[in-house]
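User: I'm new to this one and would like a close look at a single part of it. Could you take me through it slowly, in plain words?

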Amino acid sequence: MRYLWIVAGIAGLSGMAAAQNAATDRSEFTQFENCEDRDPGDLAPYLQVCKGLGEREIWLPFSEHSGAMAIGPDGIETQLDERPEIGGLDMLIGPVIDWRFAEDATTPYAAIVRYRGMTPNYDADTAQFTGGSVTHSNVLVVIALRETGAVSACNVAYIDAIEVPGANEVAHRVAARYAPGFACGADETMVLDLFSVESLALSD
């Protein structure tokens, strides 16, 4: 996994030239539904594959406390190697995927999904879980989608949704500016906190 920690603007990413317009782009939403269990092979102890937008498959290998997501059909294992660093005992993904389209397009150019890191509340004196949980991480993952090439998708940015106000809108703007021209396998995934988002001066 290669991360680009943003400190002041971005000169090395290629997405600037082919940017979309977040103000006129639109979203369609799907959830993790119409899922089936499959043989996980060496990916994880368990694997579910769910129907995404159109004919896309959403791969969700998982263990007791962790998981990952990939968008089929191509480069599944490569995609699964890309995930944000999440704190907490349990990792939760989704369950909603936000697919981003240019205004008149029929094919999405990006997707956005939420990763959460949580720890259930636990009373050490009674050795009992007491209900509820503490959220340690809340990260929006901006994903570039590709119709051709070695991978069907790759991660453009990880946005700290705890620290960044209006993180959903920020994710839309990051997707519009960077996902269309992002070079999967060459460009580095951006890690965006409050300071780095402000340094991007995102606007339509």
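In what sense do strand 5 and strand 6 pair, and over how many bridges? Please tell me about their surroundings too.

Analyst: Happy to. Keep in mind that this is a predicted model.

Strand 5 and strand 6 pair in the antiparallel sense, over 2 bridges. Along that pairing, isoleucine 58 stands opposite isoleucine 71 in strand 6.

Now step back to the sheet these strands belong to. It's an open sheet of 4 strands, in the order 3-4-5-6, with antiparallel pairing. Strand 3 (33-37) and strand 6 (70-71) are the edge strands, each pairing on one side only.

Next, look at the side of strand 5 (residues 57-62) that involves strand 4 (residues 46-51). The model has 1 aromatic pair, made by tyrosine 46 and phenylalanine 62. Their ring centres are 5.3 Å apart and their planes are at 25 degrees; planes under 30 degrees apart count as stacked, so this pair is stacked. Because tyrosine 46 lies in strand 4 and phenylalanine 62 in strand 5, the pair ties together parts that are 16 residues apart in sequence. Neither ring's residue is hidden away: tyrosine 46 is partly exposed at 47% relative accessibility, and phenylalanine 62 is partly exposed at 32%.

There's a charge sitting over a ring here as well. The charged end of arginine 38 is over the ring of tryptophan 59, 5.8 Å from its centre.

Back to strand 6, which has a part in something else: a cavity. The structure holds 1 cavity of 30 Å³ or more, and the largest cavity has a volume of about 90 Å³. Its lining includes Met69, Ala70 and Ile71, along with Gln79, Glu82 and Tyr115. So Ile71 turns up twice in this tour, as the residue opposite isoleucine 58 and as part of the cavity lining. Strand 6, strand 8, strand 9 and strand 10 each give two or more residues to that lining, and strand 10 has the largest share, with 3 residues.

Some of those strands also help build the largest nonpolar core, which has 26 residues. Strand 8 (110-123), strand 9 (128-145) and strand 10 (153-160) are among the elements giving two or more residues to this core, while helix 2 gives the most, with 7 residues. Apart from it lies another core, of 21 residues, and Tyr115 and Ala153 are among its members. Both Tyr115 and Ala153 line the largest cavity too.

Note on methods. Residues numbered from 1 in each chain as written. Predicted model: local features only at pLDDT ≥ 70, side-chain atom pairs only at ≥ 80, totals over all residues. Heavy atoms only, no water. Phe/Tyr/Trp six-rings, centres within 6.5 Å; stacked < 30°, edge-to-face > 60°. Buried < 20%, exposed > 50% of the residue type's maximum accessible area, 1.4 Å probe, protein only. Lys NZ or Arg CZ within 6 Å of the ring centre and 35° of its normal. Core = buried A, V, L, I, M, F, W, Y, C linked by side-chain atoms within 4.5 Å. Pairing = 2+ DSSP bridges. 1 Å grid on protein atoms, 1.4 Å probe; cavity = no way out; pocket = protein on both sides within 12 Å on 5 of 7 lines; lining within 4 Å. Points joined across faces, edges and corners; volume = space filled by probe spheres on them.
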